[in-house]
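Here is a short report on one protein model and its ligand. Please look over the sequence and the coordinates before reading on.

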Amino acid sequence: MVRAWAPGRVNLIGDHTDHTGGLVLPMAIDLGTTVTGRAGGDVVELRSLAEADPAVVPLDVTDPSAVYPRWARYVAGVVAEVRPPIGLVGTVETTLPIGAGLSSSAALEVAVALAVGFRGTALDLARTCRRAEQRASGVPCGIMDQLASAAGVGGHALRIDCTTLEVRPVAMPGDVDVLVVDSGQRRELAASAYAERADACQAAQAVIGPLRDAVVADLDALTDPVGRRRARHVVTENARVDELASALTSGDRRSMSAAMAESHRSLRDDFEVSTDVLDALVERLVATDGVIGARLTGAGWGGCVVALVEQAAALPHDLAVWRVTASDGARTLDEGTDAPQ
Ligand code: GLA
């Protein structure tokens, strides 16, 4: 028997920056996905309580994006990248909400990769699973989700430089809680919309060079006003990652609040990936006692809002809230060991 567990992630700040080699500050969380199975045969066959139909993926699968049911595409992406010599029959269990912006797909990929025998560094695991995600979904995603899941450090967020792939753990203050609030709005990471934003960033880079190295004054060279706003989001968001990381270290509430507010504003107005539902939720949260700051988290177009709150602060009861803690990264579990949650 093999068992592997991989966490989801919440991104504290630094959204839509990873695909141009920028800075991100995600945190692996104590919600995740467990794959349990027995090696054998020539397919990877997994049943999930969350899904009606099983994933049955031949070891020689060639086009993960054409596999049904749709959730099996992520399994197929991993099989196509890892190419395990032997199959696996087992189950998938998850405590993550599916498709809500907490990287349920990355957690599935990373747990499947470990369960089918991938062995290597956290960075290699993340690279493999990022390629699996791209092949499965067609979305030209960055490495943040898979790397956060693979390299999580308990009690810490991860400041990741997506150019050098250096991961620096940033201790979370003990008196600040991280809440994830579900907007209830579901939108699959729309391949076309995400790719369109990524293309706009590439077009800007063709004119002014790597956005990772750019400053706001460089944006004047961009003549297309939409492209300029997209690039301005990325350049200013990269700076906010270090602002929030410093504020977490010093405990400076005012800076935490400002960085998160500016990030949400920038994602809403410059990158245009927010929705009315997300905007209203953020406004409501920041007006709530004990909330330090709130912003949409992940790709946008629905999903979740992340809030930093004073320890034990209560949110209105009508909201769907997860109080999450920073978790270690993915791992294989010994037989008989319980998954972390
Ligand atoms: C998705 C992608 C990530 C990242 C975020 C936005 O989660 O998979 O690579 O781009 O969106 O920050």
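Is Val180 buried or exposed? The model is a predicted one, and in it Val180 has 0% relative accessibility. The cut-off for buried is under 20%. Val180 therefore counts as buried. This residue sits in strand β9, which spans residues 176-182. Its C-alpha lies 8.9 Å from that of Leu308, although 128 residues separate Val180 and Leu308 in sequence.

## The ligand site

Which residues surround the ligand? They are Arg9, Asp15, His16, Asp18, His19, Cys141, Gly142, Met144, Asp145, Tyr194, Gly298 and Ala299. By class, the shell holds 4 nonpolar, 4 polar and 4 charged residues. Two domains contribute to the shell: domain 1 (2-171) and domain 2 (176-324) each supply at least three residues.

Some polar distances to ligand oxygen atoms are listed here.

| Residue | Protein atom | Distance to a ligand oxygen atom |
|---|---|---|
| Gly142 | polar backbone atom | 2.9 Å |
| Asp145 | N or O atom in the side chain | 2.7 Å |
| Tyr194 | polar side-chain atom | 2.5 Å |

How much of the ligand does the protein bury? Taken alone, the ligand exposes 310 Å², and the protein buries 97% of that.

## Strand β7 and its partners

Strand β7 covers residues 156-161. Of its 6 residues, 5 are buried, so β7 is largely enclosed by the rest of the structure.

β7 pairs with strand β2 (residues 23-24) through 2 bridges, and the two run antiparallel. Here Val24 has Ile160 of β7 as its bridge partner. β7 also pairs with strand β8 (residues 166-171), again in the antiparallel sense, over 6 bridges. Ile160 takes part here too, with Val167 of β8 as its bridge partner. Ile160 thus links to Val24 in one pairing and to Val167 in the other.

β7 and β8 form a hairpin with 4 residues between the strands. Leu165 belongs to the loop between them. This residue has a positive phi of about 65° although it is not a glycine. Leu165 is buried, since its relative accessible area is 18% and the cut-off is under 20%.

## Strand β4: two faces

How do the side chains along β4 (residues 43-48) point? They alternate. Val44, Leu46 and Ser48 point to one face and are buried. Val43, Glu45 and Arg47 point to the other face and are not buried.

β4 is joined to β5 by 4 bridges, and these strands run antiparallel. Val44, from the buried face, stands opposite Val57 in β5. The two strands make a hairpin with 6 residues between them.

The pairing of β4 with strand β6 (residues 88-94) is parallel, over 5 bridges. Arg47 has Thr91 of β6 as its bridge partner. The Arg47 side chain is on the face that is not buried.

## Local backbone and side-chain details

Where does a cis peptide bond occur? The bond from Tyr68 to Pro69 is cis, with omega near -10°. Pro69 is placed in the loop between β5 (55-58) and α1 (72-82).

Ala312 is another residue with a positive phi, about 70°, although it is not a glycine. Its loop runs between β11 (304-310) and β12 (320-324). Is Ala312 buried or exposed? With a relative accessible area of 60%, Ala312 is exposed. Leu165, with its positive phi of about 65°, is buried.

Thr36 lies in strand β3, residues 26-39. At 13% relative accessibility, Thr36 counts as buried. Its side chain makes a polar contact of 3.5 Å with the side chain of Arg3.

## In brief

The ligand is 97% buried by the protein, with shell residues from domain 1 and domain 2. β7 pairs antiparallel with β2 and with β8. β4 runs antiparallel to β5 and parallel to β6.

Note on methods
Residues are numbered from 1 along each chain as its sequence is written. This is a predicted model: local features need pLDDT of at least 70, side-chain atom pairs count only at pLDDT 80 or more; totals for chains, interfaces and linings use all residues. Side-chain values use heavy atoms; hydrogens and water are left out. Buried means under 20% relative accessible area, exposed over 50%, partly exposed in between (1.4 Å probe, protein chains only). Two strands pair if DSSP finds at least two bridges between them. A residue is near a molecule or strand if one of its heavy atoms lies within 4 Å of it. A polar contact is a pair of N or O atoms within 3.5 Å; within protein, one must be able to donate a hydrogen and the other to accept it, and residues adjacent in sequence count only if both atoms are side-chain atoms. Accessible areas come from the Shrake-Rupley method with a 1.4 Å probe; for residues, only the protein chains shown count as cover. Ala, Val, Leu, Ile, Met, Phe, Trp, Tyr, Cys and Pro count as nonpolar, Asp, Glu, Lys and Arg as charged, and the others, Gly among them, as polar. Domain bounds come from an automatic or database domain assignment.
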